[in-house]
Amino acid sequence: MSISLSAQNIVKRYGGVLALSDGNLDVHTGEVVALIGANGSGKSTLTKVINGVVVLDGGQLLLDNKPVHFPSPQAAKRLGIATVFQELSLVPQMTVAENIWLAREPLRTGGFVNSKEIKIRTEKLLKLFEGTYRAAMRSDVPVASLPPDEMQIVEILKAISFDPTLIILDEATASLDSRQVQRLFELVLQWKSQGKAIIFVSHRMEEIFQIADRYSVLRNGKTVDAGMMKEISEKELVNRMVGKESAYGFAQSEAHKKVGEERPIRLAVNNLQTKVLKGIDLTLREGELLGLGGLKGQGQRDLLLSLFGDIPHDGRIAIYDKEVDFSHPRHAIKDGIALVPGDRSREGLLPIRSILENLMLPSWTNYGFPLRMRRSYEDGNQVASSLNLVMNNLDDPVNSLSGGNAQKVIIGKWLNKKPKILLLDDPTKGVDVGTKGEFYRLLKQVCAEGASIIFYSSDDEELIGLCDRILVMFEGKIRAELAGSTLTKSNLVAASMGVAEGNIE
Amino acid sequence: MKLTRFQYLSLRYPYLLAAIIFILALLVNFYFQKSILEPNTINNNLRVFLPLVLLAAGQSIVILTGGIDISVGSIVSIVSALLATRVGLEGAVEQTLIWFGIALLVGIAAGSINGFFIAYLRLQPIITTYATSFFFGGLALFILPQPGGGIPKEVAEVYRTSNPFGLHWAFYVIPLLIFVWLLVRQTRYGRYLFAVGGKAQAAYETAVPVNQVIFSTYVISGFMAALSGICITLLTGSGNPQIGDPMTLQAITAVVIGGTAMSGGVGGVAGPIMGAITLGVIKNIISFANIDTWWQTFVNAIIIVTALAAPGVISLFRRNKP
């Protein structure tokens, strides 16, 4: 068995956004290549091009030196490329065995599924992870009854059940415990010796160093470096991911950078826990702009939603020493908290209603009965001009605005209520550069007026440029707190890859 | 994912609840009507229950994949109207059989219309089949504006009075249905039904032909509705362009009692068949206990609302615990 896959100068656009401008990756029989990159570097896009989930816009894929085209995941599968997805592709109600062999069931004569054969083959596969799962996990239990790590194991077994030659492990270790990870790595070594090739994507730096033979680094959609793992240190690898520290496009006054330690603490969180969060402590002062960093899906969204009372949580949350327990966003709003959600069109706006209605949605109760419309227009216009909103008329539907302006409306609807704490969930995603600048100024202004902001962003540069202090999240915990001189991009990237605290400068 | 004991049991043994309700209903029925266990009564009962059994079996396939077919009652009505006008009370036996075949084709065609809109145009099942139910219902009234006509008496008598080997036809049809279902379960197609109903996206990523599977379920449902229409025409011997109207809700209720989840992916055909028989037994109870007949509809509605609300109510109470 041998394989050699080469992705050359891959280009991929999503709408107007260039996700990948020059992606390159070579992987050959008997090796593990780690695909490495910070947030938004394009690594998930590159893996999706290779496994046929998205179709490339430019460049070419060579399989054993012949050009190939993957219009669908099935096309890639037929040529022996298997992917272990982080978002599982399992049917919860079906059993472990049924899931693994779905659509590839061995048949008896007459077209009947050979359940006995399926059971035997599944048990053989399960042996690969023997001893790392509970006794209750058998081939005939429904997947829905399994905990996340065992579901992940089923997903891995499903991918390798058709004996692929190239295996893409996309964050396959994220929900496994350490014993299961070690077993997976033993299997990876076996696969290597059988001549399979493996592409390994992980947010844990130590795993990359443990298992990978070579690395390939993506930065801003370009492959910037590749080489042998043996010849590079953790620190250097982080530097490759970060590149030259780039100066950010707007000025930051040094005076503001030092957050007044003397300012009173507005929000204190102790040991906050949810299904994802594993004990979060944080404090937020008046007028502070606190950044929340880390790779996507490390619990940032859970943290914001818990503070907003939108999901069940445990732990102590206090506003000015007064303990609060929000079980509904209504309660949080009453205490002056506002959330600007990440998905504008789904959670933040009523897309086909007017700008005015969107701006006034949380505040209609202040306008009496019947609604005093003239006053609402006056207030609406005032908010719009303070936001620098580019629009024709308050009566236009809000989806006639550009992405950035629509985002301003979401902030604006809360500003009208003068919130004390503003929670932002990746608000600048898909917003053009010019509007971003205005948006940053607006946030600064809100802080200057005394409100506090917790700002999660998947754009590392933006966090560094904007925030006084950044908490980096990693697997549901706060991995590092960066402020002052430690507030650099390489520290941010290192912490989001779980690099040990000592190695952070 | 943590499952409650109840959720786990209903995943592993979806027919459990159906069996319990069935036995309870039977016991109550026995209290009011001591003759319920006599062969003659059983024959009479199953003869009346069979049309609903067939309808529920077809509906269960659709619901298993996460859809719903509200047009089945109207397909029953079309068949009744067609047979009553095209064959007539004076028709020949051969002619009747030919029109039975045509009726089945009509059912398949009606199901194909539903399936096309839902699987390929991605319209909502509940809206689509609600709309087509008026279309089919209208056609039935166009063919036969008022109840009347019928099929030859000698054909109807075969269904109504003959009991081969002492047992009514239903005794052979129902086990056959279950047997066919058990075979289908063991094919790839059977697995696809569960996969599509469980999580269509995952099924699609695993190369299951999701659209074709969804389409096929409506065709099966249409076919079974036509079969049910033939059956009920045999039972009554006459035509009625609105005879299927109340049957849709009953068929869905039967599926729900039968342990097939409305959200899809759990259940089968045997449970809904038991559910249909249970509904018939409940109807018996109501008539023998001298309760007003509108209770029948009321009981059906309560069963459906309870079944639909139960998962929501459970999660409401479990919600604020992390």
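Start where the two chains of this predicted model meet: 24 residues of chain B are in contact with 25 residues of chain A. To see what builds the chain B side, select helix 1 (5–12), helix 9 (188–198) and helix 10 (200–205) of chain B, the elements that each give two or more residues to it. Helix 9 of chain B supplies the largest share, five residues. Now colour the side of chain B that touches chain A by residue class, and you should find 12 nonpolar, six polar and six charged residues.

Next, go inside. The largest nonpolar core holds 225 residues. Good places to click are A:Phe200, A:Leu423, A:Ile453 and B:Val53, which have the most contacts inside this core. Then select residues 210–236 of chain B: this is helix 11, and with 14 residues it gives the most to the core.

Stay a moment with A:Phe200. Leaving aside neighbours within four places in sequence, its contacts are A:Val32, A:Val33, A:Ala34, A:Leu169, A:Ile208, A:Ile211 and A:Ala212.

Now give chain A three colours: domain 1 (4–242), domain 2 (263–336 + 419–505) and domain 3 (345–418). Between domain 2 and domain 3 of chain A, the C-alpha centres are 25 Å apart. Where these domains touch, 12 residues of domain 2 of chain A are in contact with 13 residues of domain 3 of chain A.

For your last selection, take helix 16 (residues 433–448) of chain A, which gives five residues, the most from any element, to the domain 2 side of that contact. By class, this domain 2 side has seven nonpolar, two polar and three charged residues.

Key: Residues are numbered from 1 along each chain as its sequence is written. Chains are lettered from A and ligands numbered from 1 in the order in which they are written. This is a predicted model: local features need pLDDT of at least 70, side-chain atom pairs count only at pLDDT 80 or more; totals for chains, interfaces and linings use all residues. Two residues are in contact if their C-beta atoms, placed from the backbone, lie within 7 Å. Helices (H or I, at least four residues) and strands (E, at least two) are DSSP runs, numbered from the N terminus. Ala, Val, Leu, Ile, Met, Phe, Trp, Tyr, Cys and Pro count as nonpolar, Asp, Glu, Lys and Arg as charged, and the others, Gly among them, as polar. A nonpolar core is a set of buried Ala, Val, Leu, Ile, Met, Phe, Trp, Tyr and Cys residues joined through C-beta atoms within 7 Å. A residue is buried if 20 or more other C-beta atoms lie within 10 Å of its own, exposed if 12 or fewer, and partly exposed in between; C-beta atoms are placed from the backbone. Domain bounds come from an automatic or database domain assignment.
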